[in-house]
Amino acid sequence: MAATPRFRKDAVAVPEEKHPVDETLPPLKMFTSGLQHVAAMYAGVVAPPMIVGPAVGLSATETAFLMGASLFTAGLATLLQTLGFWKIGAKLPFVNGVSFAGVTPMIAIGKGEGADAIPVIFGAIIVAGLVGFLAAPYFGKLVRFFPPVVTGTVITLIGVSLLPVAFNWSQGGNRTATDYGSMKNIGMAALTLAIVLVMRKFLRGFLQQISILLGLVAGTLIALPLGMTNFDAVRNADVIGFPTPFHFGAPQFQVAAIVSMCIVMLVCMTESTADILALGKIVGRPADAKTIEGGLRADTLGSALSPLFNGFMCSAFAQNIGLVAMTKVRSRFVVAAGGGILILLGLCPMAASVIGVVPLPVLGGAGIVLFGSVAASGIQTLAGAAMEKGENALIVAASVGIGLIPIAAPGFYHHFPKDLLVVLDSGISTGCVVAILLNLAFNHLGVKKDAAAEASAEPAFVH
């Protein structure tokens, strides 16, 4: 019988090294890195309420209230995603905020409801969020249908789909403005882009990691004497303002509105699944079925709770994936700090308006780097996706081509039913659906197991 091994009494147990995702950073670095995430996604959070509010007849004051509520609920959803509890949360450095996918259907609902538009929208979001929460476990079992050929395609489309947003910001953001696309606006965007690139090249350590934030500050300071900043929002904002629950009235539940928002929820869940897989690769902790399920639960629960505080449907923000990829700061607690900042901004309209001082051209210049980094991550994934195997190259070609239709030809589907436009007008959603279906057709159905495994093998991810 083999002898039981003995250990020296003075032996010291070596603690297991924490994964970078679970590391906590010094307080100052935690705050500044979290603030950088907030700066990167601020415009994306406040844009939907800025669009929906006037479209459904809200005043400027009520629209501003919606913007503050959106920041507050984005913070809550981000904490659900990063910190999590029970089986809720991907526990990855994910920023959650208002989804653009719901803007068009919410405006459509509002046109037919008049003064009751917001309560009807909120009622539909609550139901859609609860339906999505119950469906999350089934989405979590779809990991094997997202091999590199699918995830690489979708990640690339996420980056490419976001770039027009940066281009619009670079031109000024308001297409009806007389200076839209002026040399002044584009020049400021180009200067900000150059500042970020120079900082990334010559700075080291922590300063290099917050180069995006430093670029935004530098761009804003340069824009001051040029008259491109507007402080009216800061002067007119209240110091403290809590998003009163159901400020616009009790939620109303109408079947047509609920069906419409449930479709949007499915789109958001599809995009979030791709985002979770993308971020898992970037941070070196590949997402499994459990991670996806937890992430989708956080998305959907956050969406169901948002209307309580006058917020809209929440989903993962793809632009912040680019920030993680670029800065290499992978701690989820950094993003949780960003979530805390969002909550404080939602409770302090004046503080929230300070970030709004950053001119859109400055945001656009930084956004080109951020969104481009996402596309680069997708290309990197595709580089190891066994493109020479089976019909993987054809899958990518068809999926990217179809996914680019809403970007290259925005009016392409204008004769289609409005309900279908929720999916068709999102290149990420259509590209994802096409990639999944083609992968099933070429790499799963009627294919031997060995060949299917070879064609969809996960590559080693290079950091």
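**Figure 1. Alanine 435 is a buried residue, with a relative accessible area of 0%.** Welcome to the first close-up of this predicted model. Alanine 435 sits in helix H19, which covers residues 427-443. Setting aside neighbours within four places in sequence, alanine 435 is in contact with Val150, Thr153, Ile395 and Ser399. Look as well for phenylalanine 146: its C-alpha atom lies 8.8 Å from that of alanine 435, although the two residues are 289 residues apart along the chain.

**Figure 2. Helices H5 and H16 come within 10 Å of each other, as judged by their axes.** Here we meet H5 (residues 148-171) and H16 (residues 392-403), whose axes cross at roughly 25°. Angles under 35 degrees count as roughly parallel, so that is the term for H5 and H16. Their crossing is right-handed. On the H5 side, the meeting residues are Val149, Thr153 and Leu157, and H16 offers Asn392, Ile395, Val396, Ser399, Val400 and Gly403. By class, this contact holds 5 nonpolar and 4 polar residues, with no charged ones. Readers coming from the previous view will recognise Thr153, Ile395 and Ser399, which are among the contacts of alanine 435.

**Figure 3. Helices H6 and H8 pack with their axes 9 Å apart.** H6 spans residues 183-202 and H8 spans residues 211-223, and the angle between them is about 140°. H6 and H8 are therefore oblique to each other, and their crossing is right-handed. From H6, the residues in this contact are Met188, Leu191, Thr192, Ile195, Val196, Met199 and Arg200; they meet Ser211, Ile212, Leu214, Gly215, Ala218, Gly219, Ile222 and Ala223 of H8. The contact of H6 with H8 divides into 10 nonpolar, 4 polar and 1 charged residues.

**Figure 4. Met261 and Phe312 touch the most other members of the largest nonpolar core.** This core has 102 residues, and helix H10 (residues 255-282) gives the most to it, with 14 residues. Which residues surround Phe312, beyond those up to four places away in sequence? Phe312 touches Pro49, Val52, Leu66, Ser70, Val98, Met106, Ile121, Phe122, Ile125 and Ser306.

**Figure 5. Threonine 291 is buried, with a relative accessible area of 18%.** This residue belongs to helix H11, which runs over residues 289-305. Neighbours within four places in sequence aside, threonine 291 is in contact with Ala90, Leu92 and Ile276.

**Figure 6. Lysine 91 and phenylalanine 246 are two loop residues to inspect for their backbone angles.** Most residues other than glycine have a negative phi. Lysine 91, however, has a positive phi near 55°. Its place is the loop between helix H2 (60-82) and strand E1 (96-98). With 32% relative accessibility, lysine 91 counts as partly exposed. Phenylalanine 246 likewise has a positive phi, of about 50°, although it is not a glycine. You will find phenylalanine 246 in the loop between helix H9 (232-236) and H10. Phenylalanine 246 also counts as partly exposed, at 31% relative accessibility.

**Figure 7. The protein chain as a whole has 20 helices and 2 strands.** This last panel puts the close-ups in context. Of the 463 residues in the protein chain, 53% are buried. Among contacts between residues at least 6 apart in sequence, 83% join residues at least 24 apart.

Key: Residues numbered from 1 in each chain as written. Predicted model: local features only at pLDDT ≥ 70, side-chain atom pairs only at ≥ 80, totals over all residues. Heavy atoms only, no water. Core = buried A, V, L, I, M, F, W, Y, C linked by side-chain atoms within 4.5 Å. Buried < 20%, exposed > 50% of the residue type's maximum accessible area, 1.4 Å probe, protein only. Helix = DSSP H or I, 4+ residues; strand = E, 2+ residues; numbered from the N terminus. Contact = heavy atoms within 4.5 Å. Axes fitted to C-alpha atoms, helices over the stretch in contact; angles between N-to-C directions. Parallel < 35°, antiparallel > 145°, perpendicular 65-115°, else oblique. Left-handed = near helix turned anticlockwise from the far one by under 90°. Nonpolar A, V, L, I, M, F, W, Y, C, P; charged D, E, K, R; others polar.
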